[in-house]
Every structure is written in structure tokens, then in C-alpha cells.
Amino acid sequence: MRPSDLLIPTPAGLWCPPADIHIDPVRPVARALITHGHSDHARAGHGAVLATRETLAIMALRYGEGFTGERQEAVPGETTRIGAVDFTFMPAGHVLGSAQIVVESGGLRIVVSGDYKRERDPTCAGFEPVTCDIFITEATFGLPVFRHPPAHAEVGKLLESVRLFPERTHIVGAYSLGKAQRVMALIREAGYERPLYVHGAMEKLTDFYLSEGAALGEIRKVVAAERKTLGGEIVICPPSAIQDLWARKFPDPVTSFASGWMRIRARARQKGVELPLIVSDHADWDDLQATIRETQAGEIWVTHGEAEALVHWCGTVGLKAKPLHLVGYGDEGEAEPVRAELTGEGADVAGV
Amino acid sequence: MNRFAWLLDRLAYEPRRNAKLALIADYLRTTPDPDRGLALAAMTGGLVFPNAKAGLIRALIADRTDPVLFALSYDYVGDLSETVALMWPVKRGANDIPHLPDVVEGLRNAGKTELPRLVASWLDALDENGRWALLKLITGSLRIGVSARLAKTAAASLGGIAADEVEQVWHGLEAPYLALFAWLEGRGPKPEATDPAPFRPVMLSHPIEDGDFEKMDPIQLQAEWKWDGIRVQAVSGTRPDGERVTRLFSRTGEDIAAAFPDVVEALTQDGALDGELLVRREDTVQSFNTLQQRLNRKSVTAKMLLEHPAHIRAYDLLIDGEADLRELPLSERRKRLEAFIARLASPIVDLSPSIVFSTWEELAAARADPAGAGAGADSEAVEGCMIKRLESPYLPGRPKGHWWKWKREARLVDCVLMYAQRGHGKRSSFYSDFTFGVWRVGEAGADELVPVGKAYFGFTDEELVELDRYVRKHTLNRFGPVREVTHTVESGLVFEVAFEGLQRSSRHKSGVAMRFPRISRIRWDKPPREADRIEALEALLPASG
């Protein structure tokens, strides 16, 4: 079987004709396989969805129980056959429930990475490399300027600032699904024991993480009237809220943002961030390269992000590579409607 | 070096002026000599390293990285120092972190052959932040939102004095400013003010608003033309040894005298003039485009001096001989200015004439027709009127209630977006530089778009995000950092572009060049076919030439 018979990029997303399924479709389709719960990958309105238990639960939390006609749970490591094609979900280390999808037919194996990272994350299962013929990777941070520092050191910067400014509220912008809970868990690992305060828009997802056993300690929802009393506390909110009037009601707030984009100074300044925390749920440049090598794939397809640089690098090490130019994922800016989070719809972008 | 890097890093992220002041003052108070003086010099533009240039950094990174990956990264980050700081390959076990005085010493004295090895060894030893600070030091533009004035204000706060007092003695001082810190900390005498031609903060105006007119009586006001050149402060003074010192400052205090020896030669009297720098040829003030040929040059050729003769049109007089006039009312200063210009008796320094008016209607008529209201052939270089209270003193900054500007109304034209490029600095990584065009009849007889200008502001940050997304979703072609965006009769994006004036230009395919174009509105609603045609622009060109 030729690779182009097994998976084809289409405007709706990656399509597998022999099984007639789409992976992470951006438009409503009959049958969808979903890698993880971020709203640019997991959309409502499909006829049937195959995803991990956690991803199905996250979609139901965000879109309501009617988010799809039928649903089927994919158990990581177990194979589901559709038509003549075998599909296996494997952990991607991106957020809770995130998976790569191994697509196998007629002796050809393609791995669709979804979004992934290699750094340890106490709130989700770690990435497991799968050898394959073709590796379809994301490239959100596919430029050599993106080398993420250790996340615990970045969280250390936050706690140091809290010690330095004990009267000020530290407002940390973080994506509602994944990043927020990872930051909370890292704060706990660093020994911080005071309650953590969260914006109402991320309460449901944080409760879900807690019910799945994440060690986040005591979490309190911010009550609007009590904001004035939260000097010295850490408040975690959606990125869109850090510049909102909502954030200005805390005592002399320090504006922080946990994102891989914070590596670029201008990005931090554009968002009015005083304390940038470089914490990302995507592989950085070194990890993209390391992962590509581990899969031993001879051919690399790049779905979204800074595809050009990664494709160029593949060429320099003798790997066949091409960009797929899929649209609708993350984009490279934070130009997606993160504001929707405030309405509780949770349209955060790929947890960058 | 790490402490200096930490300061720059904190300043770069700190938006509030008072917090910036506190950070700098705290650094200066707690850091020993000579480190703090060198840091102060870095923030006031006082460190110049003739052998250390951006080219050196480019060469170092080119030896260590793939050129395509570097180009893509630089395009994305939009800042050379930051790109190199982030891309620099990590070298484990590199030597000790360098100290700021050693770095400054090395950058000053190392030879051209030795310098690359030295800088590379420092970069190996520093982390991302340290590398960034070092590279900023070498390229000389910190871009951390700290002006020389702000840094001096912070230094002055160590001694509890005003920045102006530091400013008075500043030009007699040299990095690392040991005498200055001794004085500020009460350990030494006040350094002598040896500079006979210092910069003094410029007085600026506010745009006039509808409600302002009725609050003011024309009899208490002076009006004059607002000339479309470069606002300058021309200062000349005599040193104790009798030598004349003349400087030509931009309104931010940058000395541009080296590029204007013709102006320097004309300033033969001690004093400080506030005026507009223009190019004047055959008794006529030329357009801003012509003046631009002489700007941003370190030196000037004889041909340039002959073909683009500079001219100062004086608005105000701050210093007359030894006397500081800034406390006097404008009406007094104006008389002193007239006498000063007469004494200079130079053909390239003249008085900016006042506009005679007794009602707002008269001034509005003059503003609408400068040629008929006294500006004559110079009217092409008039961009509006200045309105000043006769009793206004000369105050630094933009004080309220003294001076107003009343600009000519901008011209508007609907153009179609054709190309977009990523911006730099604050807008890095966003597509924020837009090239747009208007319709004309193409060679085959069909309509085609011809580019007429480029603009990178006029929109809000929210609109920028939308524009960036639009560009990414409608890209036809990529040419390096430039994207060609869909632009057909049916499909494309229309901008309402505002501009101040229009010139003929042989360098532009369309034959016209806009002055000061900016996006005045994004017409998401308007189909490209309804955008303007080149004929509409040609009708706005000045009749001659």
C-alpha cells in the first residue's frame, strides 16, 4: 500500500480512505479519531468519535454529552480494526488523555503524533516512541530558537517572585486544559502549600483532573468580591483573562504567563507580561529532532507550526520530509479565540 | 555580567516608568564601581565599540548554525541579538562568567582579529539572558524601554536631586562616572559643567480638539506654520579656551551635527534655537522626501551639500548668549529670537513667520490655503498650524494648555492589500507591514493592481491579530519573509489609507510616493473592485515637476 493511499491531507483534516475516518477533523465528519481534548483538535458535531476515555470525558465536559452521535473508547496500547486498517492509541505526553495514533495497513505503519512533548509532566502519561515508516509530527516550536528550560526552574521563578512581593497577587495565565493543571502540580512539587486560586472558566477541567487523581492540593475558585483580599496568593486563569479588567481588581497584580511563546521577548511584551514562564506542552526543537530519530521513520510529514524549518532540517540529515499545510490547528500565533474560554466554551489553543 | 543582564531583563519586561526608575536606582545603589557606571553608560548610549559590530555577531553565528535555519529564526524573532542568544549552541564546561568591566575593556581594546574569539568565549560561558545582554551591548541598541533621560533621572535620585542637575554636568563626564556617583552620594564636589552646548528638553504640543477653540481667545495666541521637516535644537556655545562648540540635536537629544556641517557653520552666536530642519533650494522649501536624503547619515558629501542645502526655520529661542530665556513668556522670547536671527545674518537661518488672524475662521482659511495666506511657494511643506499662548514659558515635555498643533486634514484613499511582511520589535512574529495597491489599466488592457505604498501602523493590537490571521489564511506565495496575499477583483482586503502628501517618484512602479501613510480603517466589508484607481491619486499630485 502506498502512503498516499492510507492517509491524505484534506481541508477537513487527515483522511484515511480505506477506513473512511478522519483524524482530528476541523469540520464535522461521519467518523473521527481524536488525539486529545484541545478545542482545535477535538470539535463537536461528528457522527462518531473514537478517543481515549479521558479525551471523551473532556469533550463531554466542554461541549455537553451530545458532542457526538456515537462514542467509542480507545484503550492505549490496544488495537481497533476499522475496515482493513489497524488503529492503536499510544500516550503522547501532551495533556491528560492525549494520544498518538498508530495507523497500520498492508505492512505500512504511519504514526500521527497529534501534539506531544517529551518533558516529564506529573499530570499525564509520558510519550512513548513507536517505530514507524512515516512519522507525522507537529512543529509548533519547530525553530532552533525554541529550547524550553526545565519547567520546574520556571515555576521556581514564580515562587521566588511570590517571596519577593508578598503583598502582590501573582496572576498566572495558563491554558485551561493541561497547562493550568501541570503548573499547579509543579507548584505543589516545589513544596508550596497555600491554596491555589483558579478562574471560574477552568474550574470544571481542574475538578476533572482532581477526580483523575492529579496531586493539585487545595484549589479554590476566585470569588469576584474577594479579589481585593488575595494579595500574596497565586491565581491561575485563562491567558485571555490576564489583561482583562477582571485581573486588575487584585492587589497590585504581577502578570505572568506560562507558555512556550514566552521564550520570545516581544511575545511577552505584546501581552503585557511582566513575569514570563517558559512552560510548554509541546516538544521543543531538540525534542522534535530526538523524537524523529527515535521513531526511525524514513519519511516525515509535518502537520502544523513552523513546518519549514523542521522540513529543512530533515533534509540536512537525509530524511525525506514534507509539510502538509493543514489549517485550523494552533496556528503559530496565539491568534485563536482564547476569549471563548471566558464563556466557558473552552476554546483554548493546543495548550501551547 | 549576570547582574547587569538581570537588570536589562527586568527592565525589558517592566512596563511602568516608576518601577523602571526604582529598578535602575536600586541597581545603581547596590552595585559597586565601576560596574554601575558602565551600566549607566550602556543605558545612556555612552559606550561605543568601534570594532564590535552587528556584522561580527552575524559572522559568529554563521560559523555555528545552518544559514536557512538562522534566516527562518531571525525572521520569526525579529531581533538579531535575541535570535543569536537563543540559537547559540550550548557548550558544557565553558569558562567562567565574564565580569562587566572586563567585557567593556575587551570590546574597547581588542583588535579586529582577536575580538571574534573573545566574544565567542563569553557567549559560551553565559546563559540565554547573559548572551542577550552581551549582544545588546555590542549592537548598541538596548531597546528595553529606557531612555537616556530615564537612566539619568534614576541616577539623580541617588542624590535626591532633579535630572536637570545631572544633565547640566553630564557632558563633562565620562564612564564609569566615578565623580558623578561621588557627588550624588555626598562623597565629592559637584562636577564642573564644562559643556557649553548641552541639550535641553524640547517643548511639545497637543493636537487641538473641537472643544479647545471656544476656550481660547485668538488675541492671546500666536499662530505659525507647522513645517514638515525635522524638529531640531541648534545650540552653540564658547568654551573657556575660546573654541566654539556647536551641536544640532534631534528632539530626543541625539546629536546629528556631523551630517549637517552647513548648518553648524552658520551658527556663529552663542545661543539655543528651537526650529525645523528643512532642505531649501532656489528659495523654496522642499518636500520631506528630499530632506530624507540627508537624514540618517554619519557624514555628507560635497555633492549632497550642494544639491540638498539644509535650512533652519526658527520657532523659538531658549538661550540668548548667557541668558536662559525659558522662563520668559513666548511674546518676549519672540522679540529676542527676531534680534538673534538678525545678528546671525545667515541665509540658511530664518524666522518662521507668524500667521495673521483674529478669528478662528481666518485661521481655518489660512490652514486650508497656506499658499494664499503667506506661505507662498513653501506651502507644499506646510503640514498645518501651530497655535501657542503668547504667555507660555518654554517647558520640557508636553505640558497641557500651552501649545497646540492643528494639522491639515489627511487625505484618504481605498487600497487593496497585496503583500505582508513580519514586523520587528514590538510586532515581531506578526504580519504587520502591509504593501497595498490601487487599480490601473494593465498592459493587456485588463485592470491590475499597482503598489502605491506600505504602512505598518494605524491599527489596534486587536486588529493586528485579525490582520495576521487574515494574511496567514490568504497566502498565495512566499518570498522569504514576504507573503503575497490574495488580491483579485473579487477577493481581497481593502484598507482605507490616510496620508499627508503625495510626490511623484521614479523609484515606485506607480510613479507616486505617499508621505506618512497609515491604515485609517480596515474595510472588511468592501470588495476589492471598489477600491480607488491610480487616476484618483494622480489628481492629488502637485501641478509642477
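# Briefing on chains A and B

The contact between the two chains draws 26 residues from chain B and 23 residues from chain A. On the side of chain B that touches chain A, the elements giving two or more residues are α1 (2–13), α5 (67–77), α6 (80–87) and α19 (461–473) of chain B, and α5(B) supplies the largest share, six residues. By residue character, that side of chain B divides into twelve nonpolar, seven polar and seven charged residues. The model is predicted, and its scores are ipTM 0.90 and pTM 0.69.

**Confidence in chain B**

- The mean pLDDT of chain B is 89, with 99% of its residues at 70 or more.
- Among the elements of chain B, the lowest mean pLDDT, 80, belongs to helix α15 (residues 288–292) of chain B, whereas the highest, 97, belongs to helix α17 (residues 330–344) of chain B.

**Chain A as a whole**

- Chain A contains nine helices and 19 strands, and 55% of its 352 residues are buried.
- Of the contacts in chain A with a separation of 6 or more, 60% are made between residues 24 or more positions apart.

**Helix α3 of chain A**

- Helix α3 (residues 151–164) of chain A has 14 residues, which at 1.5 Å a residue should span 20 Å, and this agrees with its end C-alpha atoms, which are 20 Å apart.
- The buried residues of α3(A) are A:A151, A:E154, A:V155, A:L158 and A:V162; seen down the axis of α3(A), they fall within an arc of 100 degrees and so line one face of the helix.
- In general, an α-helix has 3.6 residues a turn, so residues three or four places apart point the same way.
- On the face of α3(A) turned away from its buried side are the exposed residues A:A153, A:E160, A:R163 and A:L164.
- The packing partners of the buried residues of α3(A) are β12 (170–173), α4 (179–189), β15 (234–237), β16 (254–258) and β17 (275–277) of chain A.

**Helix α8 of chain A**

- In helix α8 (residues 285–295) of chain A, the buried residues are A:W285, A:D287, A:L288, A:I292 and A:T295; seen down the axis of α8(A), they fall within an arc of 165 degrees, so they too line one face of their helix.
- These buried residues of α8(A) pack against three strands and a helix of chain A, namely β10 (108–112), β11 (134–139), β18 (299–305) and α9 (307–316).
- The residue that follows α8(A) is A:Q296, which has a positive phi, near 60 degrees.

**Strands of chain B**

- Strand β3 (residues 230–238) and strand β4 (residues 244–250) of chain B run antiparallel and are joined by seven bridges, with B:T238 standing opposite B:R244 in β4(B).
- β3(B) and β4(B) form a hairpin that has five residues between the strands, and in its turn B:G242 has a positive phi of about 90 degrees.
- An open sheet of mixed pairing is formed by four strands of chain B, in the order β1-β11-β10-β2.
- The edges of this sheet are β1 (206–207) and β2 (221–227) of chain B; each has a single partner strand, so one side of each is left without a neighbour in the sheet.
- At one of those edges, β1(B) pairs with strand β11 (residues 403–407) of chain B in the parallel sense over two bridges, and B:H206 stands opposite B:W404 in β11(B).

Notes. Residues numbered from 1 in each chain as written. Chains lettered and ligands numbered in written order. Predicted model: local features only at pLDDT ≥ 70, side-chain atom pairs only at ≥ 80, totals over all residues. Buried ≥ 20, exposed ≤ 12 C-beta atoms within 10 Å, placed from the backbone. Contact = placed C-beta atoms within 7 Å. Arc of directions from axis to C-beta. Nonpolar A, V, L, I, M, F, W, Y, C, P; charged D, E, K, R; others polar. pLDDT = per-residue confidence, 0-100. Pairing = 2+ DSSP bridges. Expected span 1.5 Å × (residues − 1).
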